Amino acid sequence: MSGKERLPVTGAQGDLLRLVATGQAESRAELARLSGLAASSVSLRVEELLDAGLLIEEGSGTSRGGRRPRKLGLSPSAGVLAVADLGAHHVRLGLLDLSGNPLTIQEREADITAGPEAVLDWLADAFDDLLESHAPEGVRLRGVGTGIPGPVDPATGRVVGPSRMPGWNNFPVAEHLGARYDLPVLVENDANLMAVGEARSWPGADNLMVLKAGTGIGCGVIVHGRLHRGRGAAGDISHVRVRTDSSTVCACGHRDCLEAYASGAALQAALAEAGILVERPADIVGLVNDAVPEATSLVRTAGRLIGEVLTVLVNFFNPDVIAVGGSLSAAEPLLASIRAAVYERCLPLATRELEIAPARAGQDVALLGAGSLLLDAVL
């Protein structure tokens, strides 16, 4: 294997490469300060990374007094990552460089109910298509990652007990993709990926809850700047029981889960019963903006129920931020109702500096989160 193919990089070299790839350091002096290594050790390892074609050194960085240092960056030829965010009816996928910068991103229709083999093989074909048409010549694929709209066991990469995903339960997603690509494979819950990507947009906030309100409902939790997975179900609020005047059976088989009343799929079904048909949950936002009373009422109720569940978690966890994303997040009554429930029922100390706001990172947030987590596996 030639020097220009040496990945993964381990030990001190891997630590230094990660600091540059994540934008924390752009000079040898900053690497020495952040890593705690002697300047001579940093210089030696940087030279090895330059020789391996993984780092480049060009231009001028920020001076801290004296001569401006040469600026370090990840080499464009170091590799690319193929990442995807699978939804119930579509998939967003793209190629990123190892610093997490998108090279190309596309959205395609998909049907997750077609089953894991069909969907994952189709996804791999789509990755291959992107690599052929958009990857720079001679640059190798270094890792593959995908978000799944259901619980994922972090130890095995298997989907566990998902709703509205027939055939996916206990399916070895990581193993299946690994058979196609002999590379690091990341499989993660979609809300967790969203949380990792969103956290970068809230500097100074170490503890976040990132709510995904779309076809389903999910929540990713960032603790002290790092994703908290637990055993794989941390943040899964979708099947918390809520109190309502009626009783509805959830897709999981239990009664009165939050998802059965407040998810996009639930709102879509409720509107259909009222004779209002929408093709996807995102269309509900348009109805709310057009002041359709049935849609506005349902969204307000959904926000109140979500807020009541979050109330318990805010009192328990005391996050700095609750960021609300997903296709329903653009409906202002949803956010307003969440805020009202949380601020009314939570302890003042828990909400005194709490910010409840729309997510900031945009529609590619889960892909950026996948790139960030996959980089750790690649390096």
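**Exercise 1. In this predicted model, determine whether His224 is buried or exposed, and describe its place and its backbone angle.**

Solution. Begin with the accessible area: His224 has a relative value of 64%, and because residues over 50% count as exposed, His224 is exposed. Next, find its place in the chain, which is the loop between β11 (217–223) and β12 (226–227). Finally, turn to the backbone, where phi of His224 is near 50°, a positive value in a residue other than glycine. As background, most residues other than glycine have a negative phi.

**Exercise 2. Carry out the steps of Exercise 1 for Asn318: where does it lie, and what is its phi?**

Solution. Asn318 is found in the loop between α10 and β13, and its phi is about 55°, which is positive although Asn318 is not a glycine. Its relative accessible area is 37%, a value between the cut-offs of 20% and 50%, and therefore Asn318 is classed as partly exposed.

**Exercise 3. Check the length of helix α11, then list its buried residues and say which elements they pack against.**

Solution. The helix runs over residues 332–345, which is 14 residues, and at 1.5 Å a residue it should span 20 Å. Its end C-alpha atoms are 20 Å apart, so the expected and the computed span agree. The buried residues of α11 are Pro333, Leu334, Leu335, Ser337, Ile338, Ala341 and Val342. When reading such a list, recall that an α-helix has 3.6 residues a turn, so residues three or four places apart point the same way. The partners of these buried residues include the strands β10 (208–213), β13 (321–325) and β14 (355–358), and also the helices α9 (282–289), α10 (293–317) and α12 (348–351).

**Exercise 4. Describe the largest nonpolar core: how many residues has it, and which helix gives the largest share?**

Solution. The largest nonpolar core has 46 residues, and those with the most contacts inside it are Leu17, Leu31, Leu54, Leu74, Trp202, Leu208 and Ile222. Helix α13 (residues 365–378) supplies the largest share of this core, namely eight residues. A second core, separate from this one, has 42 residues, among them Ile217, Leu271, Ala302 and Leu310. To look more closely at one member of the largest core, take Leu31: setting aside residues up to four places away in sequence, Leu31 touches Leu16, Leu19, Val20, Ala25, Gly36, Val42, Val46 and Leu72. Another member, Trp202, has Arg360 over its face, at 3.4 Å from the ring centre.

**Exercise 5. Explain why Cys346 forms no bond with the closest cysteine sulfur, and state whether Cys346 is buried or exposed.**

Solution. A search of the whole structure finds zero disulfides. Cys219 is in none, and the nearest cysteine sulfur to it, that of Cys346, is 13 Å away. Seen from the other side, the closest cysteine sulfur to that of Cys346 is in Cys219, and this distance of 13 Å is too far for a bond, because a disulfide needs sulfur atoms within 2.5 Å. Cys346 is buried, with a relative accessible area of 7%, and Cys219 also counts as buried, at 3%.

**Exercise 6. Locate Pro76, and state which residues it is in contact with.**

Solution. Pro76 sits in the loop between β2 (71–74) and β3 (80–86), where it counts as exposed at 59% relative accessibility. Apart from its neighbours within four places in sequence, Pro76 is in contact with Ile56 and Val139.

Technical notes: Residues are numbered from 1 along each chain as its sequence is written. This is a predicted model: local features need pLDDT of at least 70, side-chain atom pairs count only at pLDDT 80 or more; totals for chains, interfaces and linings use all residues. Side-chain values use heavy atoms; hydrogens and water are left out. Helices (H or I, at least four residues) and strands (E, at least two) are DSSP runs, numbered from the N terminus. The expected span of a helix is 1.5 Å times one less than its number of residues. Buried means under 20% relative accessible area, exposed over 50%, partly exposed in between (1.4 Å probe, protein chains only). Contact means heavy atoms within 4.5 Å. A nonpolar core is a set of buried Ala, Val, Leu, Ile, Met, Phe, Trp, Tyr and Cys residues joined through side-chain atoms within 4.5 Å. A charge sits over a ring if NZ of Lys or CZ of Arg is within 6 Å of the ring centre and within 35 degrees of the ring normal.
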